[in-house]
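Work through the exercises below with the sequence and the model open beside you. Each exercise sets a task and then solves it step by step.

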Amino acid sequence: MSEYRCPECGYTYNEQSGDEFEGFSPGTAFVDLPADFVCPDCSVRSKDEFERVS
Ligand SMILES: [Zn+2]
């Protein structure tokens, strides 16, 4: 399981915990997020701009 960070605001998406507020169950891989995924916090950075943290 990995973690990905928004370079704009620092929001992190953790695959292990998912983001239930956004409708992503725990264990949802980053690659399985929708192609039009944008950062839920800043709405500025898109999926392919996220940086892998761990
Ligand atoms: Zn962001």
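**Exercise 1. Decide whether V31 is buried or exposed, and locate it in the chain.**

Solution. Begin with the count: V31 has 9 C-beta neighbours inside 10 Å and therefore counts as exposed. The cut-offs behind this are that a residue is buried if 20 or more other C-beta atoms lie within 10 Å of its own, exposed if 12 or fewer, and partly exposed in between, with C-beta atoms placed from the backbone. Next, find its place, which is the loop between β2 (12-14) and β3 (51-52). Strands here are DSSP runs of E with at least two residues, helices are runs of H or I with at least four residues, and both are numbered from the N terminus. Finally, compare sequence with space: V31 and D48 are 17 residues apart in sequence, and their C-alpha atoms are 9.7 Å apart.

Two remarks apply to every exercise. Residues are numbered from 1 along each chain as its sequence is written. The model is predicted, so that local features need pLDDT of at least 70 and side-chain atom pairs count only at pLDDT 80 or more, while totals for chains, interfaces and linings use all residues.

**Exercise 2. Describe the secondary structure and the overall dimensions of the chain.**

Solution. Count the elements: the chain has zero helices and three strands. Read from the N terminus on, the elements run β-β-β. The radius of gyration is 10 Å, close to the 10 Å that the globule rule gives for 54 residues, so the chain is as compact as a globular protein of that length. That radius is taken over C-alpha atoms, and the globule rule is 2.2 Å times the number of residues to the power 0.38. Along the principal axes, the C-alpha atoms fill a box of roughly 25 × 20 × 15 Å. As for burial, buried residues make up 9% of the 54 residues.

**Exercise 3. Work out the order of the strands in the sheet, and explain why β2 and β3 stand at the edges.**

Solution. The three strands form an open sheet in the order β2-β1-β3, with antiparallel pairing. Because β2 and β3 each have a single partner strand, one side of each is left without a neighbour in the sheet, and these two stand at the edges. Two strands pair if DSSP finds at least two bridges between them. Strand β1 (residues 3-5) is joined to β3 by two bridges, and the two run antiparallel. Within this pairing, R5 has E51 in β3 as its bridge partner.

**Exercise 4. Find which residues R52 and P7 contact beyond their neighbours in sequence.**

Solution. Take R52, which is placed in strand β3. Leaving aside neighbours within four places in sequence, R52 is in contact with S2 and Y4, where contact requires C-beta atoms, placed from the backbone, to lie within 7 Å. R52 and Y4 are 48 residues apart along the chain, yet their C-alpha atoms are separated by 4.3 Å. With 9 C-beta neighbours inside 10 Å, R52 counts as exposed.

Turn then to P7, in the loop between β1 and β2. Under the same exclusion of neighbours within four places, P7 is in contact with R45, E49 and E51. P7 has 13 C-beta neighbours inside 10 Å and so counts as partly exposed. P7 and F50 are 43 residues apart in sequence, with 6.3 Å between their C-alpha atoms.

**Exercise 5. State what is notable about the phi of S43, and where S43 lies.**

Solution. Start from the general rule: most residues other than glycine have a negative phi. S43 is not a glycine, although its phi is positive at about 60°. S43 lies in the loop between β2 and β3, and S43 is exposed, with 11 other C-beta atoms within 10 Å.

Notes
Contact = placed C-beta atoms within 7 Å.
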